[in-house]
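The following report treats helix packing, strand pairing and selected buried residues, in that order.

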Amino acid sequence: MNKIRISGVGCCLLDRIYDKIDFRAESFCKYVSQKDGDGGLEPGKLTFEEELEHFAGQPFMSGILPLFTGGRKPEKENIGGPCVVALINAAQIAWRESEVSFYGCRGEDEVGEDLMQKLSLTKLNLQHFRTQKGGETASTCVLSDPNYDNGHGERTFVNVIGASWHYLPEELDDSFYNSEICVFGGTALVPRIHQGLSKMLKRAKSCGSITVVNTVYDFLSQKEHPDQRWPMGDGDESYSFIDLLIVDHEEALRLSGCKDIPSAIAFFREKGTGAVLVTNGARNVSLWADSPLFGKVEEQTMPVSAAVGEALKQGKKGDSTGCGDNFAGGVIGSLARTLSNSPLKGEDKSPSKGKLEGLFDLREACRWGIVSGGFACFYYGGTYFEQEAGEKLSHLQELYDQYLKQENDCQ
């Protein structure tokens, strides 16, 4: 068995999760966005703390937040961020087959110490997670309404980028690019990385790595050009170096400038992306591929887990924070397990040699994404802390088996 190296760069922060926030309450509606990019709150979307304060004309932590929470403390403080949460789940799924490293930074503050302590309980290699002297650690207040969208739940996010403003592409060394799988997750919240995305993706591909990009709501682009589609980092060139793009429904439309998902997938295809997965909360996942790695997969949809839906109806509930990030991690973990069991050696992994042609089953990877995203609804926050190796995988395996039965029953 080959130990697969997964390296990821992108968003990592401390989530402060407040549950049972009523998005229909007058106190919340007062701060809801009136137009795109104005800094107001929107269910399912992200705004920056300073932008919200400018929109509202008052401080967030001492003025606005207590109106929503009644002054209570968060239900949970947890590791958050589209990159690091995805990597943690991938490491839990492929714990025998992979070595997973996160590249990023934190501030030199109490929040950073708390975040580091929590990260130390995971399976991530943190050798490349550095401390920026004097910096503020990135954080997000997650406001969760479990009754929103007919009981499916939704969140809105108030973010502080902090030290992530200063993390640069030059800080990624050869060990990052020489990994079998390179993950770029939520880079819109690490602005300098996002601005150099095409060069980093190109270098990863030149080193023979499989590139995965999972996105986050790009408030900076939305604020600057609310009537234009979002760039993929520094431009459309990035798409041609992406083997697998994982986006949610809103992000797919904003990135493509299209009105519907089939048109968005067509846009990504025309730009040269190898495969696409589009999540949509508690609704079907859309998928498509046409590449040496994934073969040809006609555009289609896969349902979410019925077993998860039934458990939620029966009251087994945390919150929906991190569902999309765990979906991405489930997909990545599935890819790592498949790659580990292939006959390839680490030094002979370049798709250009045809060695990986048709290796990955996109539907199979999506299954692991679906059950991972669903399982995240059973606890608070994006990160599940295991008591022993394989614990989370055993829970996911049960959901996976139920999902296979669900598929068979629908045939």
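In this predicted model, the crossing of H13 and H14 is right-handed. The axes of helix H13, which covers residues 323-340, and helix H14, which covers residues 362-375, come within 7 Å and cross at roughly 145°. On the H13 side the contact involves Cys323, Asn326, Phe327, Gly330, Val331, Ser334, Leu335 and Arg337, and these meet Glu364, Ala365, Cys366, Trp368, Gly369, Ile370, Ser372 and Gly373 in H14. Sorted by class, the residues of the contact of H13 with H14 comprise 8 nonpolar, 6 polar and 2 charged.

A second helix pair is formed by helix H4 (residues 82-93) and helix H15 (residues 391-410), which pack at an angle of about 85° with their axes 8 Å apart. Because angles of 65 to 115 degrees count as roughly perpendicular, H4 is roughly perpendicular to H15. Asn89, Gln92 and Ile93 of H4 make this contact with Lys392, Leu393 and Leu396 of H15, and the residues of the contact of H4 with H15 divide into 3 nonpolar, 2 polar and 1 charged.

Ile93, which is found in helix H4, also links the description of this pair to that of H13 and H14. Leaving aside residues up to four places away in sequence, Ile93 touches Gly329, Gly330, Gly333, Arg337, Trp368, Ser372, Leu393 and Leu396; of these, Gly330 and Arg337 belong to the H13 side of the contact with H14, and Trp368 and Ser372 to the H14 side. Ile93 is buried, with a relative accessible area of 1%. The C-alpha atoms of Ile93 and Gly71, although 22 residues apart along the chain, are separated by 38 Å.

Turning to the strands, 5 of them form an open sheet in the order S3-S8-S7-S2-S4, and the pairing is mixed. Strand S3 (46-48) and strand S4 (76-80) are the edge strands, each pairing on one side only, while the twist averages 25° from one strand to the next. Helix H2 (residues 49-56) lies across S3 and strand S8 (154-160), and runs at about 80° to S3.

Three parallel strand pairings, including one within this sheet, are set out below.

| Strand pair | Sense and bridges | Source |
|---|---|---|
| S2 (residues 13-18) and S7 (residues 139-145) | parallel, 5 bridges | |
| S1 (residues 4-10) and S9 | parallel, 5 bridges | |
| S9 and S10 (residues 210-214) | parallel, 5 bridges | |

Individual bridge partners fix the register of these pairings: Leu143 in S7 is the bridge partner of Tyr18, Cys182 in S9 is that of Ser7, and Ile210 in S10 is that of Ile181.

How many of the 5 residues of strand S9 (residues 181-185) are buried? In S9, 5 of the 5 residues are buried, so the strand is largely enclosed by the rest of the structure. Ile181, Val183 and Gly185 point one way from S9, whereas Cys182 and Phe184 point the other way, and all are buried.

A further buried residue is His194, which lies in helix H7 (residues 191-195). The relative accessible area of His194 is 12%, and since buried means under 20%, His194 is buried. Not counting residues up to four places away in sequence, His194 touches Thr187, Ala188, Asp218, Pro231, Gly233 and Asp234.

Notes: Residues numbered from 1 in each chain as written. Predicted model: local features only at pLDDT ≥ 70, side-chain atom pairs only at ≥ 80, totals over all residues. Heavy atoms only, no water. Axes fitted to C-alpha atoms, helices over the stretch in contact; angles between N-to-C directions. Helix = DSSP H or I, 4+ residues; strand = E, 2+ residues; numbered from the N terminus. Left-handed = near helix turned anticlockwise from the far one by under 90°. Contact = heavy atoms within 4.5 Å. Nonpolar A, V, L, I, M, F, W, Y, C, P; charged D, E, K, R; others polar. Pairing = 2+ DSSP bridges. Parallel < 35°, antiparallel > 145°, perpendicular 65-115°, else oblique. Buried < 20%, exposed > 50% of the residue type's maximum accessible area, 1.4 Å probe, protein only.
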